[in-house]
Amino acid sequence: MAVLDFLKKDQDMNEGIKEFNSTPGAMLIDVRTKQEYKEKHIPKAHNFDVADIKNIGTLVPKKDTPVFLYCASGSRASKACRAMQKMGYTNVKAIGGINTYKGRCITGK
């Protein structure tokens, strides 16, 4: 991913979800806050706030696990992706923001 990719308005979250669904052993991680996640999230997504990303090893202990990250617009996912790469994760990708997702979501109160 190029340094400024998160600024692209046409970053296709929907293609990222397709790639996630076709990648064996992949994890989908929503890096928004717990409240944002409760309000709306993508099925199969785990929640792990970007503010706590330094502790991601509790959720993803194997650093070669395919990980797909999303947030609201893509900015926090890109930040989390860079942080995970610095921690030695080798197969992590920021796929954008739920705001552009056209698939089914789980909604709460």
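Two strands count as paired here if DSSP finds at least two bridges between them. Keep that in mind, because strand pairing is how this talk is organised. One caution: this is a predicted model.

Let's start with the sheet. It is open, and 4 strands form it. The order is β3-β1-β4-β5, and the pairing is parallel. Who stands at the edges? β3, residues 45–47, and β5, residues 92–97. Each has a single partner strand, so one side of each is left without a neighbour in the sheet. The sheet is also twisted in this sense: neighbouring strands are turned by 30° against each other on average, direction ignored.

Now walk across it. Begin at β3. β1 and β3 pair in the parallel sense over 3 bridges. One contact to look for: aspartate 30 has asparagine 47 in β3 as its bridge partner.

Next step, β1 to β4. These two run parallel and are joined by 4 bridges. Here leucine 28 stands opposite phenylalanine 68 in β4.

Last step, β4 to β5. Strand β4 covers residues 67–71, and its parallel pairing with β5 has 4 bridges. Phenylalanine 68 turns up again: its bridge partner in β5 is lysine 93.

On to the helices. What does helix α1 lie across? Helix α1, residues 13–21, lies across β1, β4 and β5. It runs at about 140° to β5. Helix α3, residues 75–86, lies across β4 and β5. Its angle to β4 is about 145°.

Let me zoom in on β1, residues 27–30. Which way do its side chains go? Met27 and Ile29 point one way, Leu28 and Asp30 the other way. All of them are buried.

One residue deserves a slide of its own: leucine 28, in strand β1. Buried or exposed? Its relative accessible area is 0%, and buried means under 20%, so leucine 28 is buried.

What does leucine 28 touch? Leave out residues up to four places away in sequence. The list then includes Ile17 and Phe20, and also Ile42, Pro43 and Lys44. Ala45 and His46 are on it too, as are Phe68, Tyr70 and Ile95.

Finally, a link across the chain. Leucine 28 and valine 67 are 39 residues apart along the chain. Their C-alpha atoms are separated by 6.0 Å.

To recap: a parallel open sheet of 4 strands, helix α1 across β1, β4 and β5, helix α3 across β4 and β5, and leucine 28 buried in the model. Thank you.

Terms used: Residues numbered from 1 in each chain as written. Predicted model: local features only at pLDDT ≥ 70, side-chain atom pairs only at ≥ 80, totals over all residues. Heavy atoms only, no water. Axes fitted to C-alpha atoms, helices over the stretch in contact; angles between N-to-C directions. Contact = heavy atoms within 4.5 Å. Buried < 20%, exposed > 50% of the residue type's maximum accessible area, 1.4 Å probe, protein only.
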